[in-house]
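Welcome! Please take a moment to look over the sequence and the 3D view before reading on.

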Amino acid sequence: MFTSISTSMQQIAAKVSGRSSTGEMDLRTLAMLAVVLLSITAPLELSQLIFAIIGALAYAAVQSMQVPTSRVRPNKDMGSCCVPPHSNSSSKPYYTPARRAGVQAASTSQKLSAGPLTHSSGVEVRKPSSQPVTKPTFKSSGWDAEVQELIAQISPSAHSEKVVSQLAKAVQCHLSKYIPEIEVTGFLTSDLNRGTAFGVAVPEVDIVANVSPDVFLERMQGGRQLTADAVSDSKKMQKCTIRFCTNHLVGTGGFKFRRSAFKGLEPKVTLLAAASQCGTADAIPVDFSVNSTTPLYNAALLTECGQIEPRARALILLVRRWAKDRGVCHAAKGHLSPYAWTLIVIYFLQVGTSCGALLPPLSSFKLWKSLGDRKDANSAPSKWTPPNEGPCKKTVGALFKEFVNFFGKEFDVCKEAVSIRAAKRAAPKIDLPIHVVVDDNDESKVCPSIEDPFEAGRNLSEACTATSLRRLWEELARAESLCRSGASLAQLLEPWAPPERASGPLEGEED
């Protein structure tokens, strides 16, 4: 009885709240009110009527005191293995539509470099930028002099190393409030003060948080719930940890969310660290990941290559800068990753130079003892003796010209594999999958086979697309042609820009 009366009163109240802008109820609403009250009260005695009205008013009062709740639905792109916490925290999850819209609006006015959008046909098209990156200029003249000047510019400085170290400490200090056992490490591959094309798309800084999945699960039992599917799947657990950390870094840590890349074997997000937070002139883009090993492998290889042969480290930095400026190292778009480019350069210095091998097989690297196969952990690095062709006096600039010629013309993508463990020109191993794509003409194309030396059976070109493969060969051919014609380094590194946008909507846009 009480419920029916209160329900009727709430319906009537809804009618009243829907009155016209003049503030007067229409005649039909008044008539309905009278009929409803008469039909309810007619069969009742006076005492029953009084108690019914009192009960209905009390029920309505209790209902009005309850605060309506609404569930926050995670964005489809971010997955749904983590259930948003039901807490009174003022920081909203970074993947909510409201936050994503705000981040996109903010990033539109603070773009650091031009970046491509993807047309519905899969072809990258130009995206306007408020701060377009121009081609580099050099004080030196001549190819080799320009190369040396660039290497000096992009080599990580002591100041940049210090900034990244402080940034990693700041991230650890903030996240340790929620996960005290967490450990954060920063990796830097190029100087922070040298802006490049696609600077945000391919950051030079990696921030890696390391935490045991069991520890994370234990911490989450107190506030955030995880689905059973996420608990049983290590990859989903890793993604949930990234979401949790990013939520706090963006919500209260002073970072801005840029994009996520969760489809790869090592999921990550790209964040912007504020200039005031880093003590730099501009914001710093960083790739944030959890329990990732690739940044460690990449840094270890770069360091030891420089110890064995200083030109090797310089050539890796030069090739990665060229690939970045020309738009062929953005892994999220299907291109080869910076890590893959590092392995390609090492392989070239093992098998492709005209003056013999400049680097040994991976088994002769000191890092192999600690990072390689567990069965080789107790064996000493094999001793390597350089070939007897005599000392190679080629400059880094000359080695770069040989590099683009080797991979553009000599390397047989159908019969060879990039393997720094084997350090010889040979067919891919039986356990290395071959990645094949189909182009617009329905022709099958084989992508380069690039073996991950630290994970058997993993081909680092597995994310390549027909478009990215075509762009790879185009850029190698362009670089070889410019080097052969005696072009300057500034011409070689002129930032690549996608073609002008064709008619029709882009992915993610509406007509």
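The report below walks through a sheet, a cavity and a few single residues.

This is a predicted model, in which local features need pLDDT of at least 70 and side-chain atom pairs count only at pLDDT 80 or more, while totals for chains, interfaces and linings use all residues. Residues are numbered from 1 along each chain as its sequence is written, and side-chain values use heavy atoms, with hydrogens and water left out.

**The sheet**

Let us begin with the strands. Helices (H or I, at least four residues) and strands (E, at least two) are DSSP runs, numbered from the N terminus. Five strands make up an open sheet with mixed pairing, in the order E4-E5-E9-E8-E7. At its edges are strand E4 (183-188) and strand E7 (255-261), each of which pairs on one side only. On average, neighbouring strands of this sheet are turned by 25° against each other, direction ignored. Angles like this run from 0 to 180 degrees between N-to-C directions, with axes being lines fitted to C-alpha atoms, for helices over the stretch in contact.

Strands of a sheet pair through backbone hydrogen bonds, either parallel or antiparallel. Here, two strands pair if DSSP finds at least two bridges between them. Three of the pairings are set out below.

| Strands | Sense | Bridges |
|---|---|---|
| E4 and E5 | antiparallel | six bridges |
| E5 and E9 | parallel | five bridges |
| E7 and E8 | antiparallel | six bridges |

Some individual partners help you find your way. Gly186 has Ile207 in E5 as its bridge partner, and Val205 has Val286 in E9. Phe257 stands opposite Leu271 in E8.

Why is strand E5 largely enclosed by the rest of the structure? Five of the six residues of E5 (residues 205-210) are buried, so the strand is largely enclosed. Buried means under 20% relative accessible area, exposed over 50%, and partly exposed in between (1.4 Å probe, protein chains only).

Helix H9 (residues 234-251) lies across E7, E8 and strand E9 (284-290), and runs at about 140° to E9. After E9, Asn291 sits in the loop leading to helix H11 (294-308). Asn291 has a positive phi of about 55° although it is not a glycine, and at 30% relative accessibility it is partly exposed.

**The cavities**

Rolling a probe the size of a water molecule over the atoms shows where empty space is left. A cavity is a set of points, on a 1 Å grid over the protein atoms alone, where a 1.4 Å probe fits but cannot get out; lining residues have an atom within 4 Å of a point. Grid points are joined across faces, edges and corners, and a volume is the space filled by probe spheres set on the points.

The structure has five cavities of 30 Å³ or more, and the largest has a volume of about 110 Å³. Its lining residues include Ile154, Thr189, Val202, Glu204 and Cys329. Which helix gives the most to this lining? Helix H12 (residues 310-325) does, with four residues.

**Around Lys445**

Lys445 belongs to strand E12 (residues 444-446) and is partly exposed, with a relative accessible area of 35%. Not counting residues up to four places away in sequence, Lys445 touches His435, Val436, Val437, Asp439 and Leu469, where contact means heavy atoms within 4.5 Å. The C-alpha atoms of Lys445 and His435 are separated by 8.7 Å.

Asp442 is found in the loop between strand E11 (436-438) and E12. Asp442 is exposed, at 65% relative accessibility, and its phi is near 60°, a positive value in a residue other than glycine.

How values were computed:
On a 1 Å grid over the protein atoms alone, a cavity is a set of points where a 1.4 Å probe fits but cannot get out, and a pocket is an open set with protein on both sides within 12 Å along at least five of seven lines; lining residues have an atom within 4 Å of a point.
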